[in-house]
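Hi everyone, thanks for making time for this. I'd like to walk you through a structure, starting with the whole chain and then stopping at two residues. Please have the viewer open as I talk.

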Amino acid sequence: QVQLVESGGGLVQAGGSLRLSCAVSGSISDINSMGWYRQAPGNQRELVAVITSGGRINYVDSVKGRFTISGDNGKNTVYLQMNSLKPEDTAVYYCNAVVRGSGSYSYNDYWGQGTQVTVSS
């Protein structure tokens, strides 16, 4: 069983900052990548940022230069530092991990429960 636990959401004024954390635990053999997605009301879930086990990073264009994703391999934890937040960043943010469980030959997607980020204007 693999679990993702998120923390760090909240309410912030435009221009402010928040830091999200996501820890992966359970019977894990390998983590291929970890990332953050978000979903605003009426919108589809979109990728915000992803970091692979090899250190490759990708961001959606709308957050480049404002958000930074980082990982702590020893703690199986991924962070999302969000600066210069805008009202359009308001959404539920979901942590994602692509994990190969113990005794498994394949990788699967796992999701956190989601954390609300609200940016007021």
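**A walk through the chain**

Let's begin at the surface: the accessible surface of the protein chain is about 6,500 Å², and carbon and sulfur atoms account for 44% of that. One thing to keep in mind throughout is that this is a predicted model.

Now, what is the chain built from? It has 11 strands and zero helices. So if you trace the elements from the N terminus on, you read β each time, right to the end.

How about the overall dimensions? The C-alpha atoms fill a box of roughly 50 × 25 × 25 Å along the principal axes. The radius of gyration of the protein chain is 14 Å, and this agrees with a compact globule of 121 residues, which would have a value near 14 Å.

Next, the inside. Of the 121 residues in the protein chain, 38% are buried. Looking at contacts with a separation of 6 or more, 56% of them join residues that are 24 or more positions apart.

And the charges? The protein chain has 9 positive and 8 negative ones, and their mean positions are 3 Å apart.

Let's zoom in on our first residue, Asn 96. You'll find Asn 96 in strand β9, which covers residues 91-101. Is Asn 96 buried or exposed? Its relative accessible area is 5%, and because buried means under 20%, Asn 96 counts as buried.

What does the side chain of Asn 96 reach? It comes to 3.4 Å from the backbone oxygen of Tyr 110. Leaving out residues up to four places away in sequence, Asn 96 also touches several others, including Leu 4, Ser 33, Met 34, Tyr 37 and Trp 111.

Our second stop is Ser 27. Where does Ser 27 sit? Look in the loop between β3 (18-26) and β4 (28-39). Ser 27 has a relative accessibility of 38%, so it counts as partly exposed, a class that lies between the 20% and 50% cut-offs.

Which residues does Ser 27 touch, not counting those up to four places away in sequence? They are Gln 1, Val 2, Gly 101 and Ser 102. For a sense of distance, try selecting Ser 27 and Val 98: they are 71 residues apart in sequence, and their C-alpha atoms are 13 Å apart in space.

To recap our two stops: Asn 96 is buried, whereas Ser 27 is partly exposed. Thanks for listening!

How values were computed: Residues are numbered from 1 along each chain as its sequence is written. This is a predicted model: local features need pLDDT of at least 70, side-chain atom pairs count only at pLDDT 80 or more; totals for chains, interfaces and linings use all residues. Side-chain values use heavy atoms; hydrogens and water are left out. Helices (H or I, at least four residues) and strands (E, at least two) are DSSP runs, numbered from the N terminus. The radius of gyration is taken over C-alpha atoms; the globule rule is 2.2 Å times the number of residues to the power 0.38. Buried means under 20% relative accessible area, exposed over 50%, partly exposed in between (1.4 Å probe, protein chains only). Contact means heavy atoms within 4.5 Å. Accessible areas come from the Shrake-Rupley method with a 1.4 Å probe; for residues, only the protein chains shown count as cover. Lys and Arg count as positive and Asp and Glu as negative; His and the chain ends are not counted. The place of a charge is taken as NZ of Lys, CZ of Arg, CG of Asp or CD of Glu. A polar contact is a pair of N or O atoms within 3.5 Å; within protein, one must be able to donate a hydrogen and the other to accept it, and residues adjacent in sequence count only if both atoms are side-chain atoms.
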